[in-house]
Amino acid sequence: MIQTDNLTFRYKKSKALFRFPKITLARHENLLILGTSGIGKTTLLHLLAGLLTPISGKIQIGGTDISTLSQKQLDAFRGAHIGLVFQKKHAISSLTVFENLQTRLYFSNTSVNNEKIETLLKDLDLYQLQKAKVRTLSEGQLQRLGIALAVVHNPQVILADEPTSSLDDANCKNAIALLKQQAARTNAHLIVITHDHRIKTDFEKTIVL
């Protein structure tokens, strides 16, 4: 379950106050959050991920109110229970595809299961590239690796920031299908934040900021 209530946030040296609508997601529910540039989409994602601290309100993931956690507790919780798909690729370029996933598991304090990594790579059509250096991958392959890094540790929630904005129609549909497939595989909530209205029909629940 994910629930937020009365969330507000203001950046330092800014008079603008962001107020965000209430979110309630039951088990297996996903959410699309739509909005134009500057409306606070990425801010909301960073609040949900615990990367920013709200001025007021609460964010509950599973049975944990993350707004009550210390920074150390929050870092540990994020590493174990949240998967992030960023606009910019965050894979380590000097490592192979396989090594990146091993490293992600290590830093989430999850036991490294090579068979599990291999299965995930097969699901995302990256198995043949497991020994390839990240710097040699195409844009589409990097995108699929980003999804793999977000889900390999079986998070409770997957947060995706503009995952389709630079994609053509066919790859846009493929990316959302992969995200939904991996969320279902790990019983995670998927929350996509974007301005891309093409994917609106792929979600039953939508919030417009």
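Q60 is found in strand β5, which covers residues 56-61. This briefing looks at a predicted model, and it visits three places in turn: Q60 in strand β5, T194 in strand β9, and helix α4, made of residues 114-123.

**Q60 in strand β5**

- With a relative accessibility of 19%, Q60 counts as buried, because the cut-off for that label is under 20%.
- A polar atom of the Q60 side chain lies 3.4 Å from the backbone oxygen of G62.
- Setting aside residues up to four places away in sequence, Q60 touches M1, I2, Q3 and D65.

**T194 in strand β9**

- T194 belongs to strand β9, which runs over residues 189-194.
- T194 is buried, and its relative accessible area is 0%.
- The side chain of T194 makes a polar contact of 2.7 Å with the side chain of E162.
- The T194 side chain also reaches the backbone nitrogen of D196, at 2.9 Å.
- If you leave out neighbours within four places in sequence, the residues in contact with T194 are L32, I33, L34, G35, K41, E162, T164 and I199.
- T42 sits 152 residues from T194 along the chain, yet the C-alpha atoms of T42 and T194 are separated by 8.6 Å.

**Helix α4 and its two sides**

- Which residues of helix α4 are buried? They are I117, L120 and L121.
- Looking down the axis of α4, you will find these buried residues within an arc of 100 degrees, so they line one face of the helix.
- As background, residues three or four places apart in an α-helix point the same way, because there are 3.6 residues to a turn.
- On the other side of α4, E115 and K122 are exposed.
- The cover over the buried residues of α4 includes three other helices: α3 (97-107), α5 (139-151) and α6 (169-185).

**The two ends of helix α4**

- At the start of α4, a side-chain oxygen of N113 comes to within 3.1 Å of the backbone nitrogen of E115.
- E115 is thus worth finding in the viewer for two reasons: its backbone nitrogen is reached by N113, and E115 is one of the exposed residues of α4.
- Just after α4, D125 takes a positive phi of about 55 degrees.

How values were computed: Residues numbered from 1 in each chain as written. Predicted model: local features only at pLDDT ≥ 70, side-chain atom pairs only at ≥ 80, totals over all residues. Heavy atoms only, no water. Helix = DSSP H or I, 4+ residues; strand = E, 2+ residues; numbered from the N terminus. Buried < 20%, exposed > 50% of the residue type's maximum accessible area, 1.4 Å probe, protein only. Contact = heavy atoms within 4.5 Å. Polar contact = N/O pair within 3.5 Å; in protein donor to acceptor, adjacent residues only side chain to side chain. Arc of directions from axis to C-beta.
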